[in-house]
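This briefing goes through selected helices, aromatic contacts and buried polar residues. The sequence and structure are shown first.

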Amino acid sequence: MSGRRSVFSNSQVLTASAAFIPVADEVFRLQGGDDPECLFFQAIAEQGHYRGGARGRSTRQGIYAFAPSGQLLASVNTLNAGAVTKMLQEAQEKWDQLPAAQRGLAPEQRSMEGRHRWEWQRPKDGLVLQTTSRDLPRSQSAPVNPRPGAWNRDYAWFTRDEARSLVPDDPHTGSQCSWPRPLVERLVRFHLVDNVRGQSQAFDATDIVHAALQSTVTRRQGSKVHVRVTGQTHAVGTREWRDHASPDRARPRRERGFVSDLLGYAVYDVEQRRFVHFDVVAVGTRWGATQFNGRRNDTDAAPIGVTLRLSKRDFVAPAFFQLYGWPGSQHPGVVPLEPTAQR
């Protein structure tokens, strides 16, 4: 998300990339999978800025410009628009000099479809929520927020049966139901996390101090059930992780937490068996940091907000889908990351 805002909205980058076909994909699966498209990417990445085996299973994230043949033209991993522009210009020059025989995909490489993609698990007729996290205004006495405009986006998935369980069995005005514990834990562990500036870690189930959500029917209009969603969450985790800037340092135990109150409204159609509206906000406090979430110098308690809104067109899998426990969520062709390096 930071790259979209600071790099691919830049006019020079847009001009330099006009001759390229842009593609965005999840590097975690590509760098660890063993199906044809993953191996194709790995061969390209091995020519780029993270080439060499010394990094083991470390990330191969970055921006790559390459020919359909798999010939790397240039690559870089940066949020500096000037550096990306320079890389694209170099890639264009190399492409112009590349012999025609080295440009196209060889006939034996025609089939490059993936055998498994997490987005294929998107729940049909289920509940798909777009989650957006951002820092909220701080008090005048609090430390200045060095990146006040930062925000990030993820997606939360629930099956059709799970979505139905968020509404009372007999939905009449005033009826209530508590959200099933597994669904509350999914929300707290994977989606109420501080990913505003970067990739965070999921909370462990044992990190949950308190979590409860309720749905209350406010009115019924034919098949449409209007509900008010309320709740409170409190998660605190302590984990060892190395300072990414100094990987040889010791791994001290560090605490981070997220406390929130939730309020929102949704509409469930009992005939269609799906939500037709969902708009919930979680407002609270976060503190601490994780290895890659960009809070290293901003660990004091500060206000944060997360919106959960109905999504109908997004097909991006949740960041922590591999931890959902759904069939197919942990594909055997993908090597899991260590807990301290999760996404």
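The points below are grouped by topic. The model is predicted. Helix α5 has buried residues along one face, while helix α7 is largely enclosed by the rest of the structure. Twelve is the count of aromatic pairs, written as 12 in the computed list.

**Helix α5**

- Helix α5 covers residues 81–97, and its 17 residues should span 24 Å at 1.5 Å a residue; the end C-alpha atoms are 25 Å apart, which agrees.
- Ala 81, Val 84, Thr 85, Met 87, Leu 88 and Ala 91 are the buried residues of α5.
- Viewed down the axis of α5, these buried residues fall within an arc of 160°, so they line one face of the helix.
- An α-helix has 3.6 residues a turn, so residues three or four places apart point the same way.
- The other side of α5 carries the exposed residues Lys 86, Glu 93, Asp 96 and Gln 97.
- The N-terminal end of α5 is capped by Asn 80, which has a side-chain oxygen 2.9 Å from the backbone nitrogen of Gly 82.

**Helix α7**

- Helix α7 runs over residues 181–191, and eight of its 11 residues are buried, so the rest of the structure largely encloses it.
- The buried residues of α7 are Leu 183, Val 184, Arg 186, Leu 187, Val 188, Arg 189, Phe 190 and His 191.
- These buried residues pack against the elements β4, α6 (160–164), β6 (208–221), β7 (224–240), β8 and β10.
- Phe 190, one of the buried residues of α7, also belongs to an aromatic cluster.

**Aromatic rings**

- A pair of aromatic rings is described by the distance of the centres and the angle of the planes.
- The count of aromatic pairs comes to 12.
- The ring centres of Trp 157 and Trp 326 are 6.3 Å apart with the planes at 25°, so this pair is stacked.
- This stacked pair links distant parts of the chain: Trp 157 is in strand β4 (residues 151–158) and Trp 326 is in the segment after β10 (302–310), 169 residues apart.
- Both Trp 157 and Trp 326 are buried.
- Trp 326 also pairs edge-to-face with Phe 321, at 5.5 Å centre to centre and with 90° between the planes.
- Phe 321 is buried, as is Trp 326.
- One aromatic cluster is formed by Trp 157, Phe 190, Phe 320, Phe 321, Tyr 324 and Trp 326.

**Charges over rings**

- Arg 103 places its charged end over the ring of Trp 95, 4.2 Å from the ring centre.
- The face of Phe 315 has Arg 122 over it, at 4.4 Å from the ring centre.

**Arg 295 and Asn 145**

- Arg 295 lies in the loop between β9 (274–287) and β10.
- Arg 295 has a relative accessible area of 0%, which is under the 20% cut-off, so it is buried.
- The side chains of Arg 295 and Asp 135 are joined by a polar contact of 2.5 Å.
- Beyond four places in sequence, Arg 295 touches Asp 135, Arg 138, Asp 194, Val 196, Arg 197, Arg 286, Gly 288 and Ala 289.
- Asn 145 is in the loop between β3 (127–135) and β4.
- Asn 145 is buried as well, at a relative accessible area of 13%.
- The side chain of Asn 145 comes to 3.0 Å from the backbone nitrogen of Arg 147.
- Leaving aside neighbours within four places in sequence, Asn 145 is in contact with Asp 135, Arg 138, Arg 197 and Asp 298.
- Asp 135 is thus listed among the contacts of Arg 295 and among those of Asn 145.

**Asp 269 and Cys 38**

- Asp 269 is in strand β8 (residues 253–269).
- Asp 269 is buried, with a relative accessible area of 2%.
- The C-alpha atoms of Asp 269 and Val 225 are 6.2 Å apart in space, with their positions 44 residues apart in sequence numbering.
- Not counting residues up to four places away, Asp 269 touches Ser 223, Lys 224, Arg 274 and Val 276.
- Cys 38 is in helix α4 (residues 36–45) and is buried, with a relative accessible area of 1%.
- Not counting residues up to four places away, Cys 38 touches Arg 29, Leu 30 and Gly 33.
- Cys 38 and Val 27 are 11 residues apart along the chain, and their C-alpha atoms are separated by 9.2 Å.

Technical notes: Residues numbered from 1 in each chain as written. Predicted model: local features only at pLDDT ≥ 70, side-chain atom pairs only at ≥ 80, totals over all residues. Heavy atoms only, no water. Helix = DSSP H or I, 4+ residues; strand = E, 2+ residues; numbered from the N terminus. Buried < 20%, exposed > 50% of the residue type's maximum accessible area, 1.4 Å probe, protein only. Contact = heavy atoms within 4.5 Å. Expected span 1.5 Å × (residues − 1). Arc of directions from axis to C-beta. Polar contact = N/O pair within 3.5 Å; in protein donor to acceptor, adjacent residues only side chain to side chain. Phe/Tyr/Trp six-rings, centres within 6.5 Å; stacked < 30°, edge-to-face > 60°. Lys NZ or Arg CZ within 6 Å of the ring centre and 35° of its normal.
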